[in-house]
Amino acid sequence: MAVASEGVRPAGAPIIEVEGLTRHYGKLEAVKGISFEVYPGEIFGFLGPNGAGKSTTINMLCTLLRPTAGRARIAGYDLVTQRNKVRESIGLIFQDPSLDDRLTADENLRFHATVYGLPAAVSKQRREELLKMVDLYDRRDQLVRTFSGGMKRRLEIARGLLHYPRVLFLDEPTIGLDPQTRLHLWSYILNLRQQKQITMFLTTHYMDEAEYCDRIAIIDHGKIVALDTPSRLKDMVGGDVIRLRTSDNAVAAQQIKEHFGVEPRENKGELVFEIAGGEELVPRIVEKVTARIASISVRRPTLDDVFIKLTGREIRDEEADARELMRGFMRSRRWGRR
Ligand SMILES: Nc1ncnc2c1ncn2[C@@H]1O[C@H](COP(=O)(O)OP(=O)(O)OP(=O)(O)O)[C@@H](O)[C@H]1O
Ligand SMILES: [Mg+2]
């Protein structure tokens with residue numbers, strides 16, 4: 001398995017430093033000695049399939065789960081020996097919803113402010129500021145039960161920021177939301193970075209979302225297999241992705257290899273290969289391939305292609321999609337029953 005070299009590191013001292021972080025669950029090694037650094041103001045993403053170890057990593061960094069081995073410092077504080085200092089420096093948005101939907105939006109925030117020991121006047125001022133920031137000020141006195149999925153997520157973000165953390169951890173911030181709401185939520189996240197210069201560490205298995213990150217670590221089976229900016233990662237693919245459906249893939253593959261020096265692989269009845277300047281090459285491909293071409297497409301590489309290149313697998317499989325749908329369904333039933 002190829003491991004990408006790390007790109008240019010942003011300047012300044014890192015705000016998250018992770019070295020050899022490991023977590024076992026019994027015999028299962030869920031996170032296998034990962035190391036990386038995150039710099040102040042960065043949006044840093046962990047991208048990987050279900051079960052890759054994303055939540056386990058985030059839970060360790062938030063002091064909710066003890067590492068089996070390795071070290072980490074957040075805002076200069078040691079994860080294990082300075083737990084309380086770490087906790088004061090971070091905010092967390094869980095993968096699963098964690099609001100009390102029998103309370104109003106403002107009551108949820110007030111409860112959190114009390115837990116963090118914010119004085120009443122400070123709490124009031126921040127609640128107001130943050131509710132305005134996530135566009136929920138007008139709905140502050142309504143029960144969270146009546147909120148849409150996107151509104152709940154925005155409220156969770158406001159809550160995660162109440163104690164003005166230096167780092168905000170977001171575990172799958174947009175899971176289960178429709179594409180439009182996801183887009184909307186991202187505009188809040190990007191705005192937030194601009195307004196508060198907050199550092200964000202998030203996990204996702206949505207390729208398109210990972211594109212918003214300044215840098216991404218691709219994680220698979222508990223290991224970081226690549227870490228870089230989205231565009232540098234995509235450069236690794238080595239050009240545009242061409243897909244070709246023909247009457248005889250074996251013959252076509254041979255001819256492509258002969259004339260263009262690349263070896264196509266077969267995926268679901270299609271030949272797939274990467275080549276620089278793909279668009280200009282299409283006419284030549286059509287000319288050189290004697291098998292009948294049913295379809296041909298060219299596109300810029302995506303992070304999905306990077307994942308395939310590194311692991312030989314797609315990040316999203318149908319099974320995972322079904323699991324997620326099911327999870328959303330169970331969640332809606334759980335809420336419905338209250
Ligand atoms: N409490 C636990 N006890 C035992 N095994 C666990 C526990 N939590 C996670 N695991 C296992 O550890 C591995 C990593 O899980 P983790 O939740 O970190 O993955 P993830 O990348 O967050 O996945 P997803 O995209 O589904 O949220 C998986 O194999 C999972 O089954
Ligand atoms: Mg997870």
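**Exercise 1. Decide whether Trp-186 is buried or exposed in this predicted model, then describe its ring partner.**

*Solution.* Start with the accessibility. Trp-186 has a relative accessibility of 1%. The cut-off for buried is under 20%, so Trp-186 counts as buried.

Next, look at the ring pairs. The structure holds eight of these aromatic pairs. In one of them, the ring centres of Trp-186 and Tyr-212 are 4.6 Å apart and the planes stand at 20°. Planes under 30 degrees apart count as stacked, so Trp-186 and Tyr-212 form a stacked pair.

Now place the two residues in the fold. Trp-186 belongs to helix α6 (residues 179–196), while Tyr-212 sits in the loop between α7 (207–210) and β9, so the pair ties together parts that are 26 residues apart in sequence. Tyr-212 itself is partly exposed, at a relative accessible area of 29%.

**Exercise 2. Find the protein donors of the magnesium ion (ligand 2) and say which parts of the chain they tie together.**

*Solution.* Begin at the ion. Its protein donors are Ser-55, through OG, and Gln-95, through OE1, at 2.0 to 2.1 Å.

Then trace where each donor comes from. Helix α1 (residues 54–61) supplies Ser-55, and the loop between β6 (90–93) and α3 (105–115) supplies Gln-95, so parts 40 residues apart in sequence are tied together.

Finally, compare the accessibilities with the cut-off. Ser-55 is partly exposed at 22% relative accessibility, whereas Gln-95 is buried at 16%.

**Exercise 3. Locate Glu-172 and list its contacts beyond four places in sequence.**

*Solution.* The loop between β7 and α6 holds Glu-172. With a relative accessible area of 2%, Glu-172 is buried. Once neighbours within four places are set aside, its contacts are Lys-54, Gln-95, Arg-153, Thr-203, Thr-204 and His-205. You have already met one of them: Gln-95 is a donor of the magnesium ion.

**Exercise 4. Work out the strand order of the six-stranded open sheet and find what packs on it.**

*Solution.* Read the order across the sheet: β6-β7-β8-β3-β9-β10, with mixed pairing. At the edges are β6 and β10 (223–228), each of which pairs on one side only. On average, neighbouring strands are turned by 15° against each other, direction ignored.

Helix α11 (residues 303–311) packs on this sheet. The helix touches β3 (43–47), β9 (215–220) and β10, and its direction makes about 45° with that of β9.

Now zoom in on one strand pair. Strands β7 (residues 167–171) and β8 (residues 199–204) run parallel and share five bridges. Here Phe-169 faces Phe-201 of β8.

**Exercise 5. Which residues do ring pairs link into a cluster with Phe-169 and Phe-201?**

*Solution.* The cluster consists of Phe-36, Phe-44, Phe-46, Phe-169 and Phe-201. Take one pair from it as a check. Phe-36 and Phe-44 have ring centres 5.3 Å apart and planes at 10°, so they are stacked. Both Phe-36 and Phe-44 are buried.

**Exercise 6. How many helices and strands does the protein have, and how much of it is buried?**

*Solution.* Count the elements: 12 helices and 14 strands. Of the 338 residues, 49% are buried. Turning to the surface, the protein exposes about 16500 Å², with 50% supplied by carbon and sulfur atoms. As a last step, take the contacts between residues at least 6 apart in sequence: 72% of them join residues at least 24 apart.

Terms used: Residues numbered from 1 in each chain as written. Chains lettered and ligands numbered in written order. Predicted model: local features only at pLDDT ≥ 70, side-chain atom pairs only at ≥ 80, totals over all residues. Heavy atoms only, no water. Donors = N, O, S within 2.8 Å, 3.2 Å for Na, K, Ca; no water. Helix = DSSP H or I, 4+ residues; strand = E, 2+ residues; numbered from the N terminus. Buried < 20%, exposed > 50% of the residue type's maximum accessible area, 1.4 Å probe, protein only. Pairing = 2+ DSSP bridges. Axes fitted to C-alpha atoms, helices over the stretch in contact; angles between N-to-C directions. Contact = heavy atoms within 4.5 Å. Areas by Shrake-Rupley, 256 points an atom, 1.4 Å probe, with all protein chains shown as cover. Phe/Tyr/Trp six-rings, centres within 6.5 Å; stacked < 30°, edge-to-face > 60°.
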